[in-house]
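Reader: I am new to this structure and would like to go through it step by step. Please show it to me before we begin.

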Amino acid sequence: MAKRTIRELDVAGKRVLVRVDFNVPLDEAGRIVDDTRIRAALPTVEHLLAQGASVILMSHLGRPRGRRVPALSLAPVAERLSQLLGRAVGMAPDCVGTEVAAQAAALQPNVRFHPQEEQNERTFAQHLAELGDAYVNDAFGAAHRAHASTEGVPRCMGAGASGLLMEREIAYLDETLRCPQLPFTAVLGGAKISGKIELIEHLLDRVDALLIGGGMAYTFFKAMGLEIGDSLLEEDRIDTARQLLTRVEKGGLDLQLPVDCVVADRFAADAQVQVVACDAIPRGWQGMDIGPQTRQRYADQIARGGTIVWNGPLGVCEMVPFAQGTQQVALALAAATREGAVSIIGGGDTAAAVAQAGLAQAMTHISTGGGASLECMSGRVLPGVAVLDDEES
């Protein structure tokens, strides 16, 4: 999946249209809570500016669903980007139109204010394409969407290159996972099995060990006939979990489920808590985290890994009493990385948990994509990547 990058473009004196992913979280006052995605795009923006290009940035923010929503203006992003770059960043009133064309050297529109963006409407894509002389996609977090700014524009322009962030995401989430440093270990958590069935199926035959945690574990336990109390359960996925377990047994595959868990009498940080074996969850109680035995088992498995990919928290980590499993796995990944392993973190919640533990710099790669990283790790072709020019051999 290697693609031509901005290093191969002659951009001096040209207007370069760059699709970035500045879909950052805002608080109620419209202030940016986490600027990670803005910082992640800086190398690409700075490279283009240093090469003499006029950079036109376009992004989406939130889900305005084709309507103008003032609260989802990219104005706070433009202000923060200006601070990070140490230079003025202009803010356009829209992403197409006469006035915008006149301001094209300093564009930063929210493309999703237009329904034609998500419809990948060709005329809209053509209007966007007319703003620049070259196209770069550095918005990995939106690359799984075939939208006008991610897929339509490069088709209209007949060429497109990846930015430095996109290049790094492809290198780790596609190329490294296709040829991993062995042993290859995957850690999957999160609330539901439904969003990760494709990923589990894709990884099962490729990894040396697949470690399961989070809410999805309880659907597996139910499929095994165990009592799970009031733990999270996807009734419509029990058969799917049972089929996966049968596949594991027949294929001699290594899928590991928790052996103990932390349970609570209600879903609250101040709930009554106890540690029980996973086949002894009391009725009326619910699983909230992996237990100490499981934490140690998973840490030992991670320590043996050559490549470790992690997607999804292993407990309700936003509540301090139930964050220990996620934190210990993060510490284990950091330690393995120091010993030479490749650690790849995919998924917004996982990235946030690693950052909260103060271990972001200890990992090899933390993806900026949520759905995009999940789909890429599942082996899917991302429309926003497929349309870019292939790397010249």
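Author: One cut-off comes first: a residue is buried under 20% relative accessible area, exposed over 50%, and partly exposed in between. The model is predicted.

Reader: Is arginine 145 buried, exposed or partly exposed?

Author: Arginine 145 sits in the loop between strand 3 (134-137) and helix 6 (148-157). Buried means under 20% and exposed over 50%. The relative accessibility of arginine 145 is 36%, so the residue counts as partly exposed.

Reader: Which residue of the "binding site" at Arg37, Arg112 and Arg145 is included in the lining of the largest cavity?

Author: The feature "binding site" at Arg37, Arg112 and Arg145 comes from an unreviewed UniProt entry. Of these residues, the lining of the largest cavity includes Arg37.

Reader: UniProt also lists Asp21, Phe22, Asn23, His60, Leu61, Gly62 and Arg63 for "binding site"; what is the largest C-alpha distance among them?

Author: This listing, too, is from an unreviewed UniProt entry. The residues are spread over 43 residues of sequence, yet they cluster in space, and the largest C-alpha distance is 13.2 Å.

Reader: Is aspartate 21 buried or exposed?

Author: Aspartate 21 lies in the loop between strand 1 (15-19) and helix 1. Beyond its neighbours within four places in sequence, aspartate 21 is in contact with residues including Arg37, His60 and Thr368. Its relative accessible area is 6%, and the limit is 20%. Therefore aspartate 21 is buried.

Reader: Why do the buried residues of helix 2 line one face of the helix?

Author: The buried residues in helix 2 (residues 75-85) are Val77, Ala78, Leu81, Leu84 and Leu85. They pack against helix 1 (36-50) and strand 2 (54-58). They line one face because, seen down the axis of helix 2, they fall within an arc of 125 degrees.

Reader: Which strands stand at the edges of the open sheet with the order 9-8-10?

Author: The sheet has three strands with antiparallel pairing. An edge strand has a single partner strand, so one of its sides is left without a neighbour in the sheet. This applies to strand 9 (273-277) and strand 10 (286-290).

Reader: Which helix packs on that sheet?

Author: Strand 8 (residues 260-264) pairs with strand 10 over four bridges, and valine 263 stands opposite glycine 287 in strand 10. The helix in question touches strand 8, strand 9 and strand 10, and its direction makes about 35 degrees with that of strand 10. It is helix 11 (residues 292-303).

Terms used: Residues numbered from 1 in each chain as written. Predicted model: local features only at pLDDT ≥ 70, side-chain atom pairs only at ≥ 80, totals over all residues. Heavy atoms only, no water. UniProt positions renumbered as here; feature names shortened; annotations may be inferred. 1 Å grid on protein atoms, 1.4 Å probe; cavity = no way out; pocket = protein on both sides within 12 Å on 5 of 7 lines; lining within 4 Å. Helix = DSSP H or I, 4+ residues; strand = E, 2+ residues; numbered from the N terminus. Buried < 20%, exposed > 50% of the residue type's maximum accessible area, 1.4 Å probe, protein only. Pairing = 2+ DSSP bridges. Contact = heavy atoms within 4.5 Å. Axes fitted to C-alpha atoms, helices over the stretch in contact; angles between N-to-C directions. Arc of directions from axis to C-beta.
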